[in-house]
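Please open the model in your viewer and keep the selection panel at hand. The tour below goes from one selection to the next and says what is to be found at each stop.

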Amino acid sequence: MVVMERFYAAEAAYVAAGGHGRADYAPVAALLDPATDGRAGCGPARSARARRRGQRSLEAAR
């Protein structure tokens with residue numbers, strides 16, 4: 001629960017600072033599991049290589 005509270009606080013600070021293109025996403029990304037694939041949505045499964053990108057793919061997507 002503590003990790004989720006930290007995540008929500010970091011996310012709120014990101015949005016308050018201007019969000020995409022204006023704020024640093026690193027504090028939010030640091031709280032994500034490295035195996036997280038933020039680009040995956042509803043649909044066919046992604047490749048194992050894409051899933052391994054995790055936090056780096058989220059930071060690159062900004």
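Select Phe 7 to begin with, in what is a predicted model, and colour the residue by accessibility: its relative accessible area is 17%, and because this lies under the 20% cut-off, Phe 7 counts as buried. Now add Tyr 8, which lies in helix H1, residues 2–16, and which, with a relative accessible area of 49%, is partly exposed.

With both side chains displayed, turn to their rings, since the structure holds two aromatic pairs. In the pair of Phe 7 and Tyr 8 the ring centres are 5.8 Å apart and the planes stand at 65°, so this pair is classed as edge-to-face. For the other stop of this kind, select Tyr 14 and Tyr 25, whose ring centres lie 5.1 Å apart with the planes at 80°, so that this pair, too, is edge-to-face. Here the pair links distant parts of the chain, for Tyr 14 belongs to helix H1 whereas Tyr 25 sits in the loop between H1 and helix H2 (26–29), 11 residues apart. Are these two residues buried or exposed? Tyr 14 has a relative accessibility of 13% and counts as buried, and Tyr 25, with a relative accessible area of 16%, is buried as well.

Keep Phe 7, Tyr 14 and Tyr 25 selected and extend the selection to Ala 10, Ala 23, Val 28, Ala 29 and Leu 32, which completes the largest nonpolar core, a set of eight residues. The elements that contribute two or more residues to this core are H1 and H2, and the largest share, three residues, comes from H1. As a background to this stop, nonpolar side chains in soluble globular proteins tend to be buried together.

Next, return to Tyr 8 and show the surface, adding Met 1 and Met 4 to the selection: together these three residues make a nonpolar surface patch of about 390 Å².

Finally, colour the whole chain by confidence before reading anything further from the coordinates. The protein chain averages a pLDDT of 76, and 56% of the residues score at least 70. Which helix has the lowest confidence, and which the highest? Confidence is lowest in helix H3, residues 48–52, at a mean of 54, and highest in H1, at 93. Where pLDDT is low, the predicted coordinates should not be read in detail.

Conventions
Residues numbered from 1 in each chain as written. Heavy atoms only, no water. Patch = residues over 30% accessible without salt bridge, like charges linked within 9 Å, V, L, I, M, F, W, Y side chains within 5 Å. Areas by Shrake-Rupley, 256 points an atom, 1.4 Å probe, with all protein chains shown as cover. Salt bridge = Lys/Arg side-chain N within 4 Å of Asp/Glu carboxyl O. Helix = DSSP H or I, 4+ residues; strand = E, 2+ residues; numbered from the N terminus. Phe/Tyr/Trp six-rings, centres within 6.5 Å; stacked < 30°, edge-to-face > 60°. Buried < 20%, exposed > 50% of the residue type's maximum accessible area, 1.4 Å probe, protein only. pLDDT = per-residue confidence, 0-100. Core = buried A, V, L, I, M, F, W, Y, C linked by side-chain atoms within 4.5 Å.
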